[in-house]
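This briefing is for a reader new to the structure. It takes strands, helices and one loop residue in turn.

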Amino acid sequence: MPVVNDRISVLSEDFAADPYRHFARLRERTPVHYEPAVDGYFLSRHRDVKRVLTDHEAFSTETLQVRAEPVMRGPVLAQMTGAEHTAKRKIVIRSFTGSALRDQVRAVHTNAAELLAPFLPRGRMDLVNDFGRPFAVQVTLDVLGLDRGDWRQLADWHGGVAEFITALTLTPERRRHCLDCAERLEAYLRPVIARRRRHPGEDLISKLCTAEFDGVAMSDREVTALVINVLAAATEPADKTLALLFKHLIDHPGQLAQVRRDPGLLPAAIAETLRHTPPVQLIPRRAERDAEFAGVTVPAGATVFCMIGAANRDPDAFTAPDTFDIHRPDLATARSFTAAAQHLSFGSGLHQCVGAAFTRAEIETVAALLLPLLDRVRFSPGFRYRETGLYTRGPVALPLDFTPRGG
Ligand code: HEM
């Protein structure tokens, strides 16, 4: 029998306003929370979430066939298994690590400096809307080899794609809108892919066009799906992480001062931000057979949602889990961006994020640039902090004041 906790609904306004307030009760009282309106089981304990993400036989990514494939215009990486998954994952990973990563860090720096310049003399900037969002989209477009000038249009279409994947409920009108965005994105990519096939460059689209899998090149549909996959996967969590990093540091002035003095602490601050407030809050899986958690049976065929935010705040996994502490010994920064991470913000197992090393480099580069420039950084007067999102979650805005520079 599904266990319904009448006192908590993940679809309630109260939960949406601050899910973190509810996590302890979920973990302790209903670690397998059934949500009737979604017909899904929400798991909140670290060990249960880790088990779901790493037991690939018992829990599959089949859910994505419905949740992602229609807007990715083809099967996405997370849906694949076996040799096909390994081969295609390698192609993407190669474009985000090693020497490719070093080139990208340069692009990250250039993009960030250009976007920041107009705000420095003003001494005021909304880190989410003025900077983070355009920055994350433009960096991803650079990596893919798409025209940065088209970023607003691409960001709009990408917004529709992301909404489709992350909405727990979707009206027919919104569904139509999201599918329309995906079709337009596909139409935009079609001639780009054709050009890259004729004249490949160093960008990721070219690499996907020229790569072979079992001696066979990828079809346009496969390349399109992987490009939309990367576009969707790389942008939203990155801008949210940057904003959350600054939010936590400003809320903890002692730790902000330490990071400003020693930028070598940035990776620890980024890892702790990811643990404390993961931008990807839910990871869905399908139970392939009956599975028992805390005495409750999740039936074969059911959708299971791993609650990453709740798992990362489980006292069985982290001491004083609700405290933001860049020096916490149980996080192990060096491991936090690898398969051995203790936090689950990049997932775990076969489908763990391929962009973890890139994310670390991207956020570290941009934060190291911002911190010395944003002297006496603080929230703008009258600002009231608000986060949104159940699936992906981050600040709506982060207006900052700082000492103006240059002119
Ligand atoms: C803060 C930044 C990021 C976070 C929190 C994040 C989070 C995640 C999570 C939780 C998953 C696992 C999904 C699952 O198991 O179903 C994932 C997978 C993935 N991520 Fe990220 N991601 C980030 C940045 C990036 C970037 C920069 C890229 C660029 C390539 C990327 C590309 C991907 C891809 C392609 C997958 C699917 C991997 C597979 O199925 O083999 N992500 N990410």
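How many bridges join strand 11 to strand 14, and do these strands run parallel or antiparallel? There are 2 bridges between strand 11 and strand 14 (residues 399-401), and the two strands run antiparallel. The model is a predicted one. The points below begin with the sheet that holds this pair, then move to strand 10, two helix pairs and L390.

**The sheet of strands 4, 14 and 11**

- An open sheet is formed by 3 strands, in the order 4-14-11, with antiparallel pairing.
- Its edge strands are strand 4 (124-126) and strand 11 (378-379), each of which pairs on one side only.
- Between strand 11 and strand 14, R378 has D401 as its bridge partner.
- Helix 8 (residues 127-144) packs on this sheet and touches strand 4 and strand 14.
- The direction of helix 8 makes about 65° with the direction of strand 4.

**Strand 10 and its partners**

- Strand 10 covers residues 303-307 and is mostly covered, with 4 of its 5 residues buried.
- Strand 2 (residues 40-43) runs parallel to strand 10, and 4 bridges join the two.
- In this parallel pairing, Y41 stands opposite V304 of strand 10.
- Strand 7 (residues 282-287) also pairs with strand 10, here in the antiparallel sense and over 5 bridges.
- In that antiparallel pairing, L282 stands opposite M307 of strand 10.

**Helix 10 against helix 12**

- Two packed helices are described by the angle between their axes and by the distance between those axes.
- For helix 10 (residues 172-198) and helix 12 (residues 220-251), the angle is about 120° and the axes are 10 Å apart.
- An angle of about 120° makes helix 10 oblique to helix 12.
- The crossing in which helix 10 passes helix 12 is right-handed.
- On the helix 10 side, the residues that meet helix 12 are L185, E186, L189, R190 and I193.
- On the helix 12 side, they are D220, V223, T224, V227 and I228.
- By class, the residues of this contact divide into 6 nonpolar, 1 polar and 3 charged.

**Helix 14 against helix 16**

- Helix 14 (residues 266-276) packs with helix 16 (residues 356-373) at an angle of about 120°, and their axes lie 10 Å apart.
- Helix 14 and helix 16 are therefore oblique to each other.
- Helix 14 passes helix 16 in a right-handed crossing.
- L266, P267 and I270 of helix 14 meet R360, I363, E364, A367 and A368 of helix 16.
- The contact of helix 14 with helix 16 has 6 nonpolar and 2 charged residues, and no polar ones.

**L390 in its loop**

- L390 is placed in the loop between strand 12 (387-388) and strand 13 (394-395).
- Is L390 buried or partly exposed? L390 has 19 other C-beta atoms within 10 Å and is partly exposed, because a residue counts as buried at 20 or more.
- Leaving aside neighbours within four places in sequence, L390 is in contact with V10, A16, L168, Q281 and L282.
- V10 and L390 are 380 residues apart along the chain, and their C-alpha atoms are separated by 8.0 Å.
- L282, one of the contacts of L390, is also the residue that stands opposite M307 in strand 10.

Conventions: Residues are numbered from 1 along each chain as its sequence is written. This is a predicted model: local features need pLDDT of at least 70, side-chain atom pairs count only at pLDDT 80 or more; totals for chains, interfaces and linings use all residues. A residue is buried if 20 or more other C-beta atoms lie within 10 Å of its own, exposed if 12 or fewer, and partly exposed in between; C-beta atoms are placed from the backbone. Two strands pair if DSSP finds at least two bridges between them. Axes are lines fitted to C-alpha atoms, for helices over the stretch in contact, and angles run from 0 to 180 degrees between N-to-C directions. Angles under 35 degrees count as roughly parallel, over 145 as roughly antiparallel, 65 to 115 as roughly perpendicular and the rest as oblique. A crossing is left-handed if the near helix is turned anticlockwise from the far one by less than a right angle, and right-handed if clockwise. Two residues are in contact if their C-beta atoms, placed from the backbone, lie within 7 Å. Ala, Val, Leu, Ile, Met, Phe, Trp, Tyr, Cys and Pro count as nonpolar, Asp, Glu, Lys and Arg as charged, and the others, Gly among them, as polar.
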